[in-house]
Amino acid sequence: MVRGTLGRAFESHEAETRWYKYWLENGYFHAEDRSEKQPFCIVIPPPNVTGMLHMGHALNNALQDIVIRFRRMQGYNTLWMPGMDHAGIATQNVVEQELAKEGISRNDLGRERFVERVWEWKAKYGGMIINQLKRLGCSCDWSRERFTMDEGLSRAVREVFVRLYNNDLIYQGDYIVNWCPRCHTAISDLEVEYNEENGHLWHIRYPFVDGDGGIVVATTRPETMLGDTAVAVNPDDPRYRDIVGRSVILPLVEREIPIIADSYVTMEFGSGAVKITPGHDPADFAMAGRHNLPIIRIMDGGGAMNENAGLYRGQDRYVCRENIVADLKKYGYLLQVEPYLHNIGQCYRCKTDIEPMVSRQWFVKIAPLAKAAVAAVVKGKTRIVPATWEGTYFDWMNNIRDWCISRQIWWGHRIPVWYCDECGRIIVAAQDPQSCPDCGGTALTQEEDVLDTWFSSALWPFSTLGWPDQTEALKTFYPTSLLVTGFDILFFWVARMMMMGLYVMKDVPFRDVYLHALVRDEQGDKMSKSRGNIIDPIEMIDKYGADAFRFTLAAFTAQGRDVRMSEERIEGYKYFVNKIWNATRFSLINLEDYPEEGVSVSKEEESLPDRWIKARLGRTIDGVAGGIEEYRFNDAAAAVYQFVWHELCDWYLELIKPILYGNGDARSRLAAQHTLLYVLKTVLKLLHPFMPFLTEEIWYTLVPEGGAIMIAAFPTVEDGLRDPEAETNMGILMDTISAIRNIRGEMGLAPSKKLKVLIRTQDESSRSIVKAGKDYIVAMANLEDCAIRGDMEDLKGVATAIVGNLQILVHLEGLVDIGGEKARLEKEIAKINKDLAFVGKKIANRDFLSRAAAAVIQKEEGKYRQLCEKHAALDSALKKLLSLGP
């Protein structure tokens with residue numbers, strides 16, 4: 001076989017473009033709807049059509065691609081289903097911003113024309129993230145790409161809505177919802193982000209109707225008092241038992257409202273008495289239901305005060321707050337104002353403060369659906385990894401509120417409900433009705449609201465496979481095998497897919513759910529534009545290549561821990577790419593005369609290093625395969641990194657160099673070449689899921705007639721790879737070589753300086769192992785002489801190390817100025833002691849720890865650790881020097 005050669009460096013950008021095109025042209029990403037192979041399917045968490053690749057996307061999709069490439073190489077019929085989400089609120093906001101630049105609004109266009117503009121925007125700008133995923137190396141079956149607003153998925157959405165409605169699981173009702181005044185729509189509980197802010201607690205006197213005095217209430221939102229319909233106290237609060245049932249006058253409004261008792265009221269909050277505003281507070285809304293209180297809405301959809309606000313009508317809610325506080329003070333109702341730290345809910349899209357508001361919305365009854373989804377995890381039908389998230393899943397599912405699924409926007413799946421203008425009949429249908437089934441009238445008006453984006457996303461695992469049609473793809477790949485997603489959308493998406501999958505398909509949507517953590521910066525802080533710590537994945541790919549970037553993500557993905565990322569870490573794994581490249585270049589040079597065909601090497605002809613590297617390779621195969629199968633990506637990456645860098649490059653290649661260079665017989669050289677080629681081909685397969693472009697480039701050069709590596713069989717541990725004896729014996733030799741190198745370093749002896757060494761042991765087995773490997777010890781430790789004996793008499797002028805039952809003695813006579821070296825070490829230790837005292841005092845200082853930034857403290861602590869390590873090494877060297885005698 002004629003092999004090619006590799007250039008001096010791996011040109012990642014050119015190779016990535018070339019190999020991705022090659023894979024696409026040859027259909028290697030394509031899955032078969034019918035196949036004898038075992039199916040393995042992942043549905044991609046669909047990125048928003050407005051999205052650009054960020055570190056969270058990069059991590060999520062790199063992990064999916066690692067798994068899918070691994071399973072493909074294992075022989076599965078693999079489908080990685082790609083697609084995008086229409087992202088209702090986000091996309092509408094983007095297009096509205098574009099319209100604003102033109103000086104128009106969506107209302108100027110009207111609904112139909114606005115929706116057309118959104119589709120035009122999608123055609124022009126949407127989907128940029130798909131091309132970015134391809135840059136990352138994602139091997140999705142792009143021929144199946146779906147969009148949550150495409151015809152097939154829209155049909156599925158309507159079908160599920162109608163089924164839920166007909167089964168009394170969807171209803172319309174007046175309910176308090178999270179309202180975004182900026183987006184002019186309701187959003188779900190999960191779409192509200194809470195931030196701690198410094199506010200105030202206002203203490204307001206509500207006078208009694210029937211006499212002197214009154215009751216003091218404490219509130220963080222005085223503007224909502226205009227909608228108060230009661231004052232509530234705890235029934236067990238002795239301060240207020242005698243006044244429950246009396247009435248007070250609502251200040252500024254002069255409305256009479258009752259004092260009620262409800263156990264929900266916390267006696268310790270404020271004065272223990274609270275104002276009840278059912279139209280603008282979820283807890284108050286629930287209390288109104290228990291006490292049959294009226295509900296008054298005092299704001300419009302834009303967050304301005306409405307006709308029920310009296311004199312404050314038309315004012316923005318926060319302007320109204322200032323005016324009400326001023327008026328309360330003016331008329332003597334405001335008794336006290338105190339600072340108060342509390343959580344403010346904001347829209348996760350536009351960051352506007354949410355306004356709880358009663359409005360007519362559509363809801364899904366969640367409790368019956370949640371019960372089945374909980375049972376599926378309890379019974380092990382779906383496994384959540386890490387398992388620590390199961391408790392969180394159960395807690396949320398067991399305390400879930402009905403899901404508000406209607407949104408007051410135009411972009412999205414319009415709710416399939418029509419109202420007959422003639423008789424008022426409500427028609428719910430999967431197909432647009434032509435007439436009213438009751439009166440036959442044709443004047444029908446469709447519901448204005450659209451469905452929550454997450455409604456269509458909840459159907460993703462089966463709708464993308466063709467449901468409601470019973471397609472071959474659906475039969476083959478549902479339930480899907482794995483979902484990889486961030487823990488932050490466990491409830492947004494995963495739980496809802498579980499509920500909908502079980503409801504519609506009567507089976508779970510996936511067998512495993514792997515929840516990865518967040519990508520943070522090196523200090524553990526969240527990445528954000530304001531902090532200036534964002535890492536752009538595409539910039540990293542351009543600078544260091546997709547392979548180094550992907551490997552870094554995998555190497556730092558440990559279950560249950562956030563991924564701490566920095567450009568320096570990515571650069572570090574670029575060196576790993578270079579290491580692999582250079583090791584292959586070296587190997588190719590030394591394989592030029594290897595015939596390959598017809599070569600047979602017996603185990604007896606293999607050297608100890610040959611046997612050892614194959615045994616270590618076997619353990620690495622186990623480590624990589626086991627790590628990926630169990631979603632321990634960092635362990636899988638660490639296993640192959642350790643093998644390639646330290647065992648293959650640092651040891652094996654160095655050990656066989658004399659043999660490859662002709663310092664031995666022809667059969668030994670052939671055996672070394674045979675082993676080297678086998679190991680290199682195998683390790684490229686192990687690396688492929690992590691580093692697809694690099695491995696394909698090298699594979700084509702190393703095995704030019706072997707087809708693509710991405711469809712090569714993933715390695716398994718063959719019987720011949722198990723060799724604990726070789727591992728033990730080689731381990732003794734390596735420890736011996738390392739001990740000599742350590743002494744050389746501690747004594748400051750140049751690597752080029754040849755040393756004389758005596759190795760002593762009374763154990764015959766160990767002595768025979770060392771004798772057999774003497775040539776390796778001499779070559780790797782750069783020795784002039786290596787004597788191996790069984791006598792244990794004392795010797796002067798030697799440095800000693802112990803390896804098991806071996807004594808390793810390095811002769812230093814004439815090599816080391818003991819007095820001068822002793823003085824140097826003592827001076828160095830004294831300096832470090834001074835530095836340790838200074839840094840130690842600083843990190844023990846409470847003022848420093850309370851005032852300094854976390855990054856500064858970490859830096860000082862790291863400095864202290866480094867000083868400690870250096871001190872220990874110098875102290876060890878001094879003790880070893882003193883043991884040599886005067």
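## A first tour of this predicted model

Of the 232 residues in the largest nonpolar core, the ones touching the most other members are Phe161, Tyr393, Phe455, Phe551 and Phe690. Helix α20 gives this core its largest share, 16 residues. A second, separate core has 35 residues, including Ile215, Val231, Val248 and Ile298. Please keep in mind that the structure you are looking at is a predicted model.

Let us look at one of those core residues. Leaving aside neighbours within four places in sequence, Tyr393 is in contact with Ala373, Val374, Val377 and Ile384 as well as with Leu490, Phe491, Ala495 and Met498.

For a wider view, here are the domains. The protein chain is divided into four parts, listed in the table, and domain 1 is made of two stretches of sequence.

| Domain | Residues |
|---|---|
| domain 1 | residues 12–146 + 459–540 |
| domain 2 | residues 185–356 |
| domain 3 | residues 565–722 |
| domain 4 | residues 749–884 |

Between the C-alpha centres of domain 1 and domain 4 there is a distance of 53 Å.

Now to the helices, starting with α22. Helix α22 spans residues 692–702, and ten of its eleven residues are buried, so the rest of the structure largely encloses this helix. The buried residues are Pro692, Phe693, Leu694, Thr695, Glu696, Glu697, Ile698, Trp699, Thr701 and Leu702. What do the buried residues of α22 pack against? Their partners are the helices α1 (12–25), α2 (55–73), α6 (128–136), α17 (546–555), α18 (567–589) and α21 (666–687).

Helix α25 (residues 774–781) makes a good next stop. Its buried residues include Tyr776, Ile777, Met780 and Ala781. These residues lie on the same side of α25, because they cover an arc of only 105 degrees around the axis. The packing partners of the buried residues in α25 are the helices α19 (608–629), α20 (633–660), α23 (724–746) and α24 (764–772), together with the strands β26 (755–760) and β27 (783–789). Just after α25 comes Asn782, with a positive phi of about 55 degrees.

On to the sheets. One open sheet has three strands in the order β19-β18-β20, with antiparallel pairing. Its edge strands, β19 (426–428) and β20 (444–446), each pair on one side only. From one strand to the next, the twist averages 30 degrees. Helix α7 (residues 151–166) packs on this sheet and touches β18, β19 and β20, with a direction at about 125 degrees to that of β19. Three bridges link strand β18 (residues 417–420) with β19 in the antiparallel sense, and Trp418 has Ile427 in β19 as its bridge partner.

Another open sheet has four strands, ordered β6-β5-β14-β16 and paired antiparallel. Here β6 (185–187) and β16 (403–404) are the edge strands, each pairing on one side only. Helix α8 (residues 282–291) packs on the sheet, touching β5 (170–180) and β14, and its direction makes about 145 degrees with that of β5. Strand β14 (residues 355–364) and β16 run antiparallel and are joined by two bridges; Phe363 has Cys404 in β16 as its bridge partner.

A last pair of strands closes the tour. Strand β9 (residues 230–233) pairs with β12 in the antiparallel sense over four bridges, and Val233 stands opposite Ala273 in β12. Which way do the residues of β12 (residues 273–276) point? Ala273 and Lys275 point one way, Val274 and Ile276 point the other way, and all are buried.

How values were computed
Residues numbered from 1 in each chain as written. Predicted model: local features only at pLDDT ≥ 70, side-chain atom pairs only at ≥ 80, totals over all residues. Heavy atoms only, no water. Buried < 20%, exposed > 50% of the residue type's maximum accessible area, 1.4 Å probe, protein only. Contact = heavy atoms within 4.5 Å. Pairing = 2+ DSSP bridges. Axes fitted to C-alpha atoms, helices over the stretch in contact; angles between N-to-C directions. Domains from an automatic or database assignment. Arc of directions from axis to C-beta. Core = buried A, V, L, I, M, F, W, Y, C linked by side-chain atoms within 4.5 Å.
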